[in-house]
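Biologist: I would like a close look at a single part of this model. Please keep it brisk.

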Amino acid sequence: MKTARKELEKTTGENIKTGKTPVRYQEMWWTIESNLTEKNIIEKNIIEKNIIEKNIIEKNIIEKNIIEKNIIEKNIIEKNIIEKNVIEKNVIEKNVKKKDMEKKGMGKMKNMIVLENLSKNYGVKKAVDDINLTVKEGEMLSLLGVNGAGKSTTIKMLSCLTKPSGGTAKIDGRDVVKERDRVKEIVGISTQDTAIARNLTVEENLSFMAGIYLDPKAFDKKKREERVEEILRDFKLEEVRRTKSGKLSGGWQRRLSIAMAMIGNPKVLLLDEPTLGLDVLARRELWREIEKIKKNRTIILTTHYMEEAEALSDRIAIMIKGKIIMTGTLGELEEKTGQKGLENVFVSVVEGEEKHE
Amino acid sequence: MNRTLQFAKRNLIELSRDVLGYIFCIAFPILMLIVMSVVNESIPKEAGMMTFRIDNLSGGILIFGQTFVMLFTAILVATDRSTSFLLRLYASPMKSRDFTNGYMFPMILISIVQAIVLMLSSCVVAKISGVELKVGGLLLVILLSIPSAIMFLSIGLIFGSLLNEKSAPGVCSVIVSAGTFLGGVFFDAEGVGGPILKVCNCLPFLYCTRVARSTIQMDFHWETFGKSLLIVSLTAIAMAALAVLTFRSRMKADQ
């Protein structure tokens, strides 16, 4: 009303008191009031429309977020199910393998690796402290432990890279100190770092290792080349055969590193944290390669990844501060600790050991 | 022997793919040969300066080039030690002699190729500057420079075994400078005489230069050639033995 009066005053140039509109201006007053009412209605409608639109947009965004969240959750659940299935499948396969081995009397297979009171001291520090361990032929054992537990030192002693301070280690009956050369002939190693010649191509790296490991009397040039081709094929390295190894991704380099360790067809394979620093996909890919080479080969694998040990190994040994605290299959470890899953078993053992100290 | 050759082949491939190797071991000595020959043309004949005349210069440049082979040997060994590659090989059936010989063989081959290229370049420079070089001397120096090459690459192997990949090139460049200066490559050590000559005579570098120069000039006197060749050969044997011992001890320490 006040606005209509001001509009009327502006149009007529006269001062019009509230509630006393002169008769001569009555029609003009109604017109102005009607226009203002219409204008207000339109403005009100526009505001209401904007609010509705805003609400719709907000509703859509919320709905979109909910859908996206659901998709992500669904993917995570599916991924977990797949991972669980893979692990369960491996466990089932392992049990089947174990039963087969037992049926065939292979449970009594010879001991391929025997460690008796094995120790390694660096000054006053005991890196490996009086460990006893047996690994059977064709068995895969995972050495689990936190950093500095003595896993890599054990691997180094088994690969004749460092001499034990005490005790003995025998591989296929050969002493790692007294029969170094004979041990080196049957042991392949893939170290923590990708030990490859970076300026050499993938094929050249493999040819070089074939020349080092394969006896020239038994393997002439043609046979060595055939072995290289076989390894390239087995490890699916054919597509990168002419690529300089230094230019490969981390996953490919690890794969090449294990392929190089396999060139001499070793009876025993030592894998020191083979999937360290790899993304989940590259790690899974490498697991598949390790699964393939597992057959009829004794493997010791050191790792920080519980799911890796769970998925790949027949038996697990837990090392803490240079000592092997517990050894057994996953089921045995779960039974001993009363925990479910390797991660819980491991945490329980480590914490138990800390409390014990 | 097969493993030595396999390792030597790997090292040769590794070095052949390093562009810097071509620049320092081949291109730089040739450049110095040309530059010093131009300097020689600028020196008045009355000065009687013979150091930069091509029959003197080519022998000196040959030794100068060998000092870079030492540098690259040190870099290769130190780099291999810094990676796990050598650790993997320590766990293989390779023996320590396979490692030391495997490093030395390709380096000797590179030194021979370097000597051939430098002598061919010297022929071209000699033709342009109107100085006559004896073909027999040029061919013979390729063979007789092998002892000095072994000496230098053994020094490289020692530094590569003792130092890491960052410090090895630095220390080796000191030897490159010392070898060039005290070897009388770019100055007349005999002409200078005094304490400098005494220091030069106490070190093997000057004898290396003398052998190379005398051979190119076909001057086979005992004092200039025979005595120098004997000293260089004995030093090469001593250095090679020391390199093998150093590498072995570092091999154990690295493990």
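Which residues of α2(B) are buried?

Modeller: This is a predicted model: local features need pLDDT of at least 70, side-chain atom pairs count only at pLDDT 80 or more, and totals for chains, interfaces and linings use all residues. Residues are numbered from 1 along each chain as its sequence is written, while chains are lettered from A and ligands numbered from 1 in the order in which they are written.

The buried residues of α2(B) are B:G21, B:C25, B:P29, B:L33, B:M36 and B:S37. Buried means that 20 or more other C-beta atoms, placed from the backbone, lie within 10 Å of the residue's own. An α-helix has 3.6 residues a turn, so residues three or four places apart point the same way. The cover over the buried residues of α2(B) includes α1, α3 (54-82) and α5 (96-129) of chain B. Helices here are DSSP runs (H or I, at least four residues), numbered from the N terminus.

Now the helix itself. α2 of chain B covers residues 19-42, 24 in number. Its expected span is 34 Å, and its end C-alpha atoms are 33 Å apart, which agrees. That expectation is 1.5 Å times one less than the number of residues. α2(B) also bends by about 35° at B:A27. The bend is the angle between axes fitted to the seven residues ending there and the seven starting there. A proline, B:P29, follows within four residues; B:P29 is also one of the buried residues.

Finally, the setting. Chain B has twelve helices and zero strands. Buried residues make up 47% of its 255 residues.

Methods: Helix = DSSP H or I, 4+ residues; strand = E, 2+ residues; numbered from the N terminus. Buried ≥ 20, exposed ≤ 12 C-beta atoms within 10 Å, placed from the backbone. Contact = placed C-beta atoms within 7 Å.
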